[in-house]
Amino acid sequence: MKCPYCHSNNTRVLDSRATEDDTAIRRRRLCEDCERRFSTYERYEDTTIMVVKKDDTRESFNPSKIISGVVKSCQKRPVSMDQIEQVARNVEIKINHTGKKEVTSVHIGELVMDELKELDPVAYVRFASVYREFKDVDSFYDEILNLREKEDASN
């Protein structure tokens, strides 16, 4: 396994454990060259799910892209990395349960927003602003009003 920091192949496993949902093994690794630690996940490969992008191109589903987007949305928010990884796992599980070999990026974005809505409303609005390509302040305002209405209806 290559180190993501210095790209050395000289790494070793420090700790291995199953994830909470038992769908993967999390391995803590140490780079012997730069001495930095990082995590890897080993998952069984059921079938490759293809993501159909907005421009009709296709690529393999990659949960790390979800994590990357959610991390950006959660900057300076009280959201842990474990919670962010759980969002990605929940989305992946929902996608796998559809039984489809192809899923649209739009559908994935909606699933992520559903998860973020429950986790952190500010992170949700941040993610939605990029995902839905808000053009102006009114777009933000409308989304916040919708979020507030749904919150009031559930209380």
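Strand 2 and strand 3, which covers residues 37–43, run antiparallel and are joined by seven bridges. I should say at once that this is a predicted model. Within that pairing, Arg26 stands opposite Tyr41 of strand 3.

The two strands make a hairpin, with five residues between them. One residue in that turn deserves a stop: Glu35, in the loop between strand 2 and strand 3. Its phi is positive, about 65 degrees, although Glu35 is not a glycine. For background, most residues other than glycine have a negative phi. Is Glu35 buried or exposed? Glu35 has a relative accessibility of 62%, and the cut-off for exposed is over 50%, so Glu35 counts as exposed.

Now the other side of strand 2. Strand 1, residues 11–18, is joined to strand 2, residues 24–31, by seven bridges, and this pair runs antiparallel. If you want one pair to look at, take Ala18, whose bridge partner in strand 2 is Ile25. Strand 1 and strand 2 also form a hairpin, with five residues between the strands. Which residue in that hairpin takes a positive phi? That is Asp22, with a value near 60 degrees.

My last stop is further along the chain. Asp56 sits in the loop between strand 4, residues 50–52, and strand 5, residues 58–60. The phi of Asp56 is positive, near 70 degrees, and Asp56 is a residue other than glycine. Asp56 has a relative accessible area of 57%, so it is exposed.

To recap, strand 2 is joined to strand 1 by seven bridges, and strand 2 is joined to strand 3 by seven bridges.

Technical notes. Residues are numbered from 1 along each chain as its sequence is written. This is a predicted model: local features need pLDDT of at least 70, side-chain atom pairs count only at pLDDT 80 or more; totals for chains, interfaces and linings use all residues. Side-chain values use heavy atoms; hydrogens and water are left out. Two strands pair if DSSP finds at least two bridges between them. Helices (H or I, at least four residues) and strands (E, at least two) are DSSP runs, numbered from the N terminus. Buried means under 20% relative accessible area, exposed over 50%, partly exposed in between (1.4 Å probe, protein chains only).
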